[in-house]
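Me: I would like to learn how to read a protein model one feature at a time, beginning with the general idea and then turning to the case at hand. Could you take me through it?

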Amino acid sequence: MIDAVASDYQDSINFIAVAGKSDFESTARVADDLLSGNVRWGLDDSIWDLYDIFGQPASVMITGDNIVVDAWFGGLSEDDLRGKFDYLVSLAG
């Protein structure tokens with residue numbers, strides 16, 4: 001759902017999917033199937049510990065000043081995501 005909604009926020013939010021628990025080649029194949037150009041991805045297992053992520057799916061919203069403003073585990077509806085993304089955008093304004 002994040003990938004689908006991300007296109008409407010491309011000019012104001014950077015979306016990064018952090019993969020882990022696998023090798024680069026396997027992750028790249030899955031990421032190419034799951035993500036469009038709206039969400040970039042990277043492979044960095046250290047981020048799991050940095051943000052206390054214990055499983056997927058998990059999301060963390062971070063301001064440009066590296067302040068965590070929200071985090072959640074599991075999926076959200078389109079309306080809930082838009083509410084969270086609108087809030088994040090309002091912090092920059």
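Reply: What follows is a walk through a helix, a hairpin, some backbone angles, a ring cluster and a pocket. The model is a predicted one, in which local features need pLDDT of at least 70 and side-chain atom pairs count only at pLDDT 80 or more, while totals for chains, interfaces and linings use all residues. Residues are numbered from 1 along each chain as its sequence is written, and side-chain values use heavy atoms, with hydrogens and water left out.

Me: Which residues of helix α2 are buried?

Reply: The general idea is that an α-helix has 3.6 residues a turn, so residues three or four places apart point the same way. Helices here are DSSP runs of H or I with at least four residues, strands are runs of E with at least two, and both are numbered from the N terminus. "Buried" stands for under 20% relative accessible area, "exposed" for over 50% and "partly exposed" for what lies in between, with a 1.4 Å probe and protein chains only. In α2, which covers residues 24-34, the buried residues are Thr27, Ala28 and Ala31. Seen down the axis of α2, these buried residues fall within an arc of 100°, so they line one face of the helix; the arc is that of the directions from the helix axis to the C-beta atoms. The face turned away from that buried side carries the exposed residues Arg29 and Asp33.

Me: What do the buried residues of α2 pack against?

Reply: They pack against β1 (16-19) and β2 (40-43), where contact means heavy atoms within 4.5 Å.

Me: How should I read a strand, and which side chains of β3 point to which face?

Reply: In a regular strand the side chains alternate between the two faces of the sheet. Along β3, Ser59 and Met61 point to one face and are buried, whereas Ala58, Val60 and Ile62 point to the other and are not. Ser59 has a relative accessible area of 14%, and, leaving aside its neighbours within four places in sequence, it is in contact with Ile2, Asp70, Ala71 and Trp72. Ile62 is partly exposed at 30%, and it touches Tyr51, Ile67, Val68 and Leu88, not counting residues up to four places away in sequence. The C-alpha atoms of Ile62 and Leu88 are separated by 8.2 Å, although these residues are 26 residues apart along the chain.

Me: How many bridges join β3 to β4?

Reply: Two strands pair if DSSP finds at least two bridges between them. Here five bridges join β3 to β4, and the strands run antiparallel; Val60, for one, has Ala71 in β4 as its bridge partner. The hairpin has five residues between the strands, and Asn66 takes a positive phi near 65° in this hairpin.

Me: Which backbone angles should I look at in the loops?

Reply: Asn66 is not a glycine, and yet its phi is positive; it counts as exposed at 64% relative accessibility. Asp52 likewise has a positive phi, of about 55°, although it is not a glycine, and this residue sits in the loop between α3 and β3, exposed with a relative accessible area of 63%. Pro57 lies in the loop between α3 (46-50) and β3 (58-62), and a cis peptide bond, with omega about 0°, joins Gln56 to Pro57.

Me: How are aromatic pairs recognised, and how many are there?

Reply: Rings of Phe, Tyr and Trp (its six-membered ring) pair if their centres lie within 6.5 Å; planes under 30 degrees apart count as stacked, over 60 as edge-to-face and the rest as tilted. By this rule the count comes to three aromatic pairs. Phe15 and Phe85 form an edge-to-face pair, 5.1 Å centre to centre with 75° between the planes. This pair links distant parts of the chain, 70 residues apart, with Phe15 in the loop between α1 (2-6) and β1 and Phe85 in helix α4 (residues 78-92). Phe15 is buried at 8% relative accessible area, as is Phe85 at 3%, and ring pairs link Tyr9, Phe15 and Phe85 into a cluster.

Me: What is the volume of the largest pocket, and which residues are closest to its centre?

Reply: Rolling a probe the size of a water molecule over the atoms shows where empty space is left. On a 1 Å grid over the protein atoms alone, a pocket is an open set of points where a 1.4 Å probe fits, with protein on both sides within 12 Å along at least five of seven lines, and lining residues have an atom within 4 Å of a point. Grid points are joined across faces, edges and corners, and a volume is the space filled by probe spheres set on the points. The largest pocket has a volume of about 1600 Å³, and of the 45 residues that line it, the closest to its centre are Ile16, Ala17, Val18, Ala58 and Ser59. The largest share of the lining, six residues, comes from α4.
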